[in-house]
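Welcome, and please open your viewer. We will take a walk through one structure, stop by stop, and at each stop you will hear what to select and what is there.

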Amino acid sequence: MAFTKAMTDKMSRLSQLELTEAVASNLKLDSILEWVGELKVCDTEGIDPMFSTAPFNMKMREDKKISTPTREEIFFNTSNVDGDKKFFSIPKVIETK
Amino acid sequence: MTEYKAPTYKGKNGIYEVVIGLEVHCQISSESKLFSTSPTTFTSETNTNVNFVDMAMPGMLPVLNSHCVDMAIKTGLGFHGVPQEISRMARKNYFYPDLPQGYQISQADEPIVKHGHFDIFLSEDEQKRITIERLHIEQDAGKLVHDKSPNSSYIDLNRCGIGLMEIVTNPDMRSAEEAVSFVRELQLLLRKLKTCDGNMEEGSMRVDINVSLRKVGESTLGTRTETKNVNSFKFMTQAIDYEIKRQLKMYDTGEEIAQETRLFNTANGKTKAMRTKENADDYRYFPDPDILTINISSDKIANIKKNLPELPLDKKIRFKKLFGISLKEANLLVSNEEVCNWFEHSINSTDKLDIKDRAKLFIGWLLSDIFGWLNKRELKLCDTGLIPAVYTDLMLRFHSKDLPSRISKTILTDILENGGTVDESIKRLNITIENDDSKLEKIIDKIIISSPNQVAEYKSGKESILGWFIGQAMKETKGQCDPQSLQKIFISQLTKITNE
Amino acid sequence: MKISKLTVYSALKLLKSGEMTATEILNLSLEAVEEKKELNAFITTTIERAGKDAICSDTMYKDKKPRLLEGIPIAHKDMFCTKNIKTTAGSKMLENFVPQYESTVSNKLKELGTVLIGKTNQDEFGMGSNSLHSFFGSIKNPYSCKETLSPGGSSGGSAVSVASGQVLLATGTDTGGSIRQPASYNGIVGYKPTYGLVSRWGCIAYASSLDCPGIFGKTVLDTAYGLTSIAGHDEKDGTSSTEEAEDYLTTLIKMEEEQGSIDLKGYKIGIIKEIESMTLSDEVREKLSTTKLKLEKSGAEFIELSIPSLKFALPAYYTIALAESSANLARYDGIRYGHSDTSGKTFIDRMKLSRTQGFGEEVQRRIILGTTVLASGFYDAYFIKASKVRRVLYNEFQVAFKKCDSILMPTTPNTAPVIDDTISPLKEYSLDLFTVPINLIGSPAISIPAGLSDRGLPIGLQLVSKQFEDAKLLKLAYKIEHIIKGQKNDGV
């Protein structure tokens, strides 16, 4: 399976990475995709996919609220905050949803 | 009674019908969020109901809230769906500033409830079944605020991570009216089950509407558009009507309808194609590896089912049948759980009168006088002092003419304001009830004797003069007697004189 | 006294008897850190806090109420979030990230009296097998002579910090071998617990269904100290096991104290026949067979097993790990934390720039590939297929575990490779040939030193057991360790 330019474009768009063609070719995506493609010769007829090895049932949480961190802690690692320190702030987004 | 007929639309090339399917997003009523322990309160200061899980800090993990799972199952059972013993959370991948994880935890091909149906009333006696494809649970996103700064958008993550149930119907609806009925009926159900507060204006219920047109008689579906996040019944109707008009015009002009997501503009009632999210054309759903399979035992499902209350739709049908009331009255009663319980309490606290007559009597005053009084003051029934048994007493005494209408209403108002029993109210209002017939007869005789001219008029056949006599008696008794009783006695006394 | 001569066990003895204070041990540790700086094992050192902690430990000993690991100098892989201590995951993306919370693993170790020396260098986000992919520079294997040898990865810094005698115990994370492989290259013990036994909460994610926090130590006994400290259910991790953690330590301490003769009578050890025909260097092949002979002499019975799908483990692993990581790394958008480039005009521009600048090449490669195997048109053929292969492999191993107590296999196909420019991604991925199958099946595994190659480089062998048989595995590993008498040393 060749990693076409269209694929590179789509995948970098989906993953929000700015990937130039030169960088993409250096990533050797072709060979890796081809290599993982070898899986197809493994016989998995009638086998369900396995998404976790956990042999136990998941323990769910009780519906209890716990007090939240302070805004100071919430905003500790960013400067993308409005002047009043009440919101995260980003360049104006034209609403698309 | 008019029979319901779904509307059709005449285009240049034929007659069309509209096909509507809904995706209703309902915020699950819970203390804490779907995967985190943050509170879900609506009116909190921005970014204070946020913890490190909600803001997707490195190393944070989601832990599923079992209550939210129970609420989803309960809701599913409420629309006759099939809760799944095995279901799974999946990641829906896309980037957006209100989605800190870069993916929404939702469900893909293994939702928690499959199938189901729900009846809506088309007219007094016609019902229509709307089938439901699935209910799945997922996280709500945060909010973007655009109006606080000219160059920036602000992010508030308070809502981020609150549990949502998304209920997806099949394209079974054929008019805006049906779609609104469905959502109204669903809202009632959710409120009855207490699984969602159903407040559309606060955004706890939001509707995505899929609309397409097809020629009447055709069975294949036309190309549909999806109008997102509509949050009132009025807007639903506007959005659907607009889409019908728009699509019809496109069919007429031969333009191709794009399968697209549209946004409803509340200001002008129009829908507008949304700029597609740059990265939203491939969501790459896959099972969330942080959350194991959701296993629900059949015992648990059976237990939730056993404890379901009477569903609003069943209640409406029962009320209509049992009380002989109209759909409108049934809707009014059932749409307010508090009133409904109060009413049932009251009507069941006596077995006097035929049930239908009793219901007619009790509902009449409830829907007009009591509702009117409450609405004027923006109060709820529970804010007043009127308890069901007292209302029953008042109604029965009114019905047996122990209390005349006007006095009964005065007493009702007084009890709504001050509480207590009927007798306490009578005392409080210092009312003397002139309902002793012999006493009344004396008063009436006095009036008759002192009004020979009017008696003569009556004798000559002018029956309308009765009103004058009654008015005199009312004046005499300061209005504290029942005009109907007065009329009865006047007629009998006057007849005696006439025959003499 | 050099800290390299100490183990956790011996250090605790000295501390309890009062022969040494925690402060003295800390000073030895800090001397070594200074001396071995060129290995680049640490991204951050926490010397000031360590001094205070050691003083606190000394008080605890004075008051005769020491906790399990009171005064033991340790290091954490920089994947574990530590409150108010910079945590980078080896990435420019998190160059200045200071968590306001403490991971469950680091918190448990803190509560048990350990003295944190610092946060260790690693491949960015755990993605690598040679510790070359760190924003903070590569790490040097202490066995390097003329040529620089790979310390292994991704937990290279933790392995090196223990192997070179800077700390007595270190945490790591093992997604596809990131603890066992560097342990093998550095001649120490590396323990990857059963998936779900140790909480992942607060540990920066690479691939959620595979990530296992674990322990590096000089001896099996030391890693048992570590495992005992960090195992157990955590309600903040929905994939953490609800079963009670076992006692991993008492039996081993008893054996250590008794110093009795050790044999393997009654033990059945499995050998996978497919490994014979796989890429394996002669020196590792030979070490495996000589070890087998030694163990047989001690009474172990060897059972030949077949895992026909073993060869598919590597591509299945990379498919699943990359898919999960592509989503796990989506949260790094530059808004709430992490590298934030504000030169872009729009939010999308800023996010793209932040991500492209913040992530290194290997991470970007894996994100792109992970995105691809989940994309429509690829999902079934790649991700679902790999997940099916995973079950096939799991089933084959479960059959095998019925026939033996534990499986003995090489940890790596070779000894530590020389670092040069010829390491291609695929070549690097192939270093995980024998470690990734174990992550796919969720089993516990331990790499123990089996001695040195002719060139004087450490060779590790791994023992693999059934899920949640960690206690049994550690006991067997302890015995084998003593039978092999694998060279214990302080590096170069």
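A polar contact is a pair of N or O atoms within 3.5 Å; within protein, one of them must be able to donate a hydrogen and the other to accept it, and residues adjacent in sequence count only if both atoms are side-chain atoms. Keep in mind, too, that this is a predicted model.

**Stop 1: chains A and C**

Select chain A and chain C and look at where they meet. How many residue pairs are in polar contact across this interface? With both residues at pLDDT 80 or more, the rule finds 14 such pairs between chain A and chain C. Now colour helix H1 (5–14), helix H3 (29–36) and strand S1 (88–91) of chain A: each of them gives at least two residues to the side of chain A that touches chain C. H3(A) has the largest share of that side, with six residues. Colour that side by residue class, and you will find 28 nonpolar, 12 polar and nine charged residues.

Zoom out to take in the whole interface. Here 49 residues of chain A are in contact with 71 residues of chain C. Together the two chains bury about 5400 Å², and 70% of this is on carbon and sulfur atoms. If you search for salt bridges between chain A and chain C, the count is zero.

**Stop 2: chains A and B**

Hide chain C and show chain B beside chain A. This contact takes 39 residues from chain A and 63 residues from chain B. About 4500 Å² is buried between chain A and chain B, with carbon and sulfur atoms giving 58% of it.

How many salt bridges are there between chain A and chain B? The count is three. To see a salt bridge, select Glu45(B) and Arg71(A), whose side chains meet at 3.4 Å, N to O. The rule also finds 24 residue pairs in polar contact across the interface of chain A and chain B, both residues being at pLDDT 80 or more.

Next, colour H1, helix H4 (71–74) and S1 of chain A; each supplies at least two residues of the side of chain A that touches chain B. The largest share of that side, four residues, comes from S1(A). By class, the side holds 16 nonpolar, eight polar and 15 charged residues.

**Stop 3: a strand pair across two chains**

Stay with S1(A) and add strand S11 (residues 152–156) of chain B. Four bridges join these two strands, which run antiparallel. Click on Phe88(A), and opposite this residue you will see Ile155(B) in S11(B).

**Stop 4: inside chain B**

Select strands S6, S5 and S17 of chain B. They form an open sheet of three strands in the order S6-S5-S17, with antiparallel pairing. Which strands are at the edges? They are strand S6 (103–106) and strand S17 (286–287), each of which pairs on one side only. Strand S5 (residues 90–93) is joined to S17(B) by two bridges, and Ala90(B) stands opposite Pro287(B).

Finally, move to strand S14 (residues 225–230) of chain B and S15(B), which pair in the parallel sense over three bridges. Thr227(B) stands opposite Arg262(B) in S15(B). In a regular strand the side chains alternate between the two faces of the sheet. Turn strand S15 (residues 261–265) to compare its faces: Arg262(B) and Phe264(B) are on the covered face, while Thr261(B), Leu263(B) and Asn265(B) are on the uncovered one.

Conventions. Residues are numbered from 1 along each chain as its sequence is written. Chains are lettered from A and ligands numbered from 1 in the order in which they are written. Side-chain values use heavy atoms; hydrogens and water are left out. Contact means heavy atoms within 4.5 Å. Buried area is the accessible area (1.4 Å probe) that two parts lose on being put together, summed over both. A salt bridge is a side-chain nitrogen of Lys or Arg within 4 Å of a carboxyl oxygen of Asp or Glu. Ala, Val, Leu, Ile, Met, Phe, Trp, Tyr, Cys and Pro count as nonpolar, Asp, Glu, Lys and Arg as charged, and the others, Gly among them, as polar. Buried means under 20% relative accessible area, exposed over 50%, partly exposed in between (1.4 Å probe, protein chains only). Two strands pair if DSSP finds at least two bridges between them.
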